Amino acid sequence: MTEATTIPPSTMPRIAPDVYYQVAMYEPESHLFDVMLKVRGWRASVLDLKMPVWTPGSYLVREYAKHLQEFSAEDANEIALPWRKVSKNHWQIETSELSEIIVRYRIYANELSVRTNHLDSTHGYFNGAALFFYIPGFEKSPISIQVIPPKPEWRVTTSLPSKSGRPHTFTSPDFDTLVDSPFEIGTHQSYYFEVEHKPHELAIWGQGNIQAERLISDIEKIIETESRLFGGLPYDRYLFILHLSSQGYGGLEHKNSCSLNYPRFGFRNPEKYNRFIQLVAHEFFHLWNVKRIRPKPLEVFNYEGETYTTSLWFSEGTTSYYDILLPLWAGIYDAKIALQGLSKDITRLQTLPGRRYQPLSESSWDAWIKLYRRDANSDNSQISYYLKGELVSLLLDLRIRANSGNARSLDQVMQQMWQRFGPQEIGFTDEELKEIIESVAEEDLTDFFNDYIHGTAELPLDEYLQPFGLKVQPVENNDAAPFLGLTVKTENGKAAIKFVEMGSPAQRAGIDADDELLAIDGMRVTAEDLGDRLKDYQTGSKIQITVFHQEQLRTVEAVLTQPRPTTYNIVPIQNPTATQQNNLKGWLGSSVSQLKG
């Protein structure tokens, strides 16, 4: 129970206690995990317990403690102990002369994502940061975890080693490893395979149109390709957890495993299948880049609050660049598909107004308050360090390759970063990252960093693609509508304005996001027919737009401007030189012969 009295500050014991967790699922349909924490050998007057507010790899304070309920504390004789909640994620228990303390609580788990917990009648899944407390000062102490499945046929799958002689019991050397080791409990399908004499497991929950044999073959190719890049696999065993959901998408990397969430029927369509393979390549690449090669501020995790770095463009963006190339190098798809992937991302960046206002390093720094907390103005004011980081990595790779005749590339940057920082997990600074990139490029890249990482200069894509016989070509559409600057979607039968581009005709006319679009020139218009209606006008035409603005009927005048490209493609130039052809082949491989200029 909660005591109103103030508990005196604790004195940190010198000897680490034994920490044991039990996780039960007595009523899976309730979505409640029943958790028991048993601390033995405690030697202080107060036991502090804290729950993380975020999990590494997902840079947003998610307030995991909000799902905790029915907290209680008792001694070995089941006598209740006084406790109080000190802050949103901090509990204190008065322990007096006691050496054994038992804490019980429940965690509501009904969010199926790779970074949260989910429990229902079909399975249980949890992440350590979203379920467990840590004891401040003893984060490096070992922990035992026993899982109590609700049914005999339910199995427990995790990357943690099992404890001999104890059913469903596992050991973690420290709290960081526990956070880094998700659990899947249920009747999921498990597929076992070896790559480079090391065991791997693919655990799949859910039903869909997945073809396991093909998928495992392609996963093996991804593992082998990435292993060649870094010179071996830095683990003894690896686990892929895959949730097949209705429309979810995402991945979260861990040192010896990853969690993946993908639409259940997204494996037959070639484009969707390739997207999944890129997701696998991305999360697997992270076992090097970010789990072991990580920015200095992330060298030691602070689970209580934000940890700021300007280098997520490298940790995430460079990984996004490689997740397009790796399936190509693995022979899963060809150069045409790889260039299509890069083209889609160029289109996303070039049609995003925020690229002109937020530097890449600032996007990384502000991840905690912007990237995952979008609002109606986000596209006007920010860019993703995943997206722009990918394309800046493309430029760096092309620059190094062009200047060295493909003798060097971004691959050597990754290899040097791994050798210098990875095995010992020593965090790198911004200066050290720049130093290694410059050493591989064999040139000073200060201007490049100032312009494209710390500044908002437009990326010179054509300049960097030209030595490879490629260029970026806006898709011409003679039937394109004049530009208004609105994004409209149908919601509850209404044409809801979701986005208004800053500086556009719509914004200058005073239209806001969340307005309801009603008519153009007195004639009703819907979200579906807005584009066709605008084609009836010319650049420079004045139109009357009627909207509901905060329930008030309003008609404003907008002057349409010239059409904007909505698609950009990387295409071969006409008559490339032998040097350009060799450069392209050295970058993308022999399948470039299928590209037509």
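How far apart are the mean positions of the positive and negative charges of the protein chain? I got 2 Å, for 59 positive and 77 negative charges. Lys and Arg count as positive, Asp and Glu as negative, with His and the chain ends not counted; I placed each charge at NZ of Lys, CZ of Arg, CG of Asp or CD of Glu.

Note to self: this is a predicted model, where local features need pLDDT of at least 70 and side-chain atom pairs count only at pLDDT 80 or more, while totals for chains, interfaces and linings use all residues. Numbering runs from 1 along each chain as its sequence is written, and side-chain values use heavy atoms, with hydrogens and water left out.

Next I checked overall shape. The C-alpha trace spans about 80 × 65 × 45 Å along its principal axes. The radius of gyration is 27 Å, which agrees with the value near 25 Å for a compact globule of 597 residues (C-alpha atoms; rule: 2.2 Å times the number of residues to the power 0.38).

Then burial: 57% of the 597 residues are buried (under 20% relative accessible area, 1.4 Å probe, protein chains only).

Last, aromatics. I found 45 pairs in the whole structure, with ring centres of Phe, Tyr and Trp (its six-membered ring) within 6.5 Å. F285 and Y322 are stacked (planes under 30 degrees apart), at 4.9 Å centre to centre and 15 degrees. F285 sits in helix α3 (residues 270-285) and Y322 in helix α4 (residues 312-329), 37 residues apart; helices here are DSSP runs of H or I, at least four residues, numbered from the N terminus. Both rings' residues, F285 and Y322, are buried. They belong to one aromatic cluster that also includes W288, Y321 and W418.

Terms used
Buried < 20%, exposed > 50% of the residue type's maximum accessible area, 1.4 Å probe, protein only. Phe/Tyr/Trp six-rings, centres within 6.5 Å; stacked < 30°, edge-to-face > 60°. Helix = DSSP H or I, 4+ residues; strand = E, 2+ residues; numbered from the N terminus.
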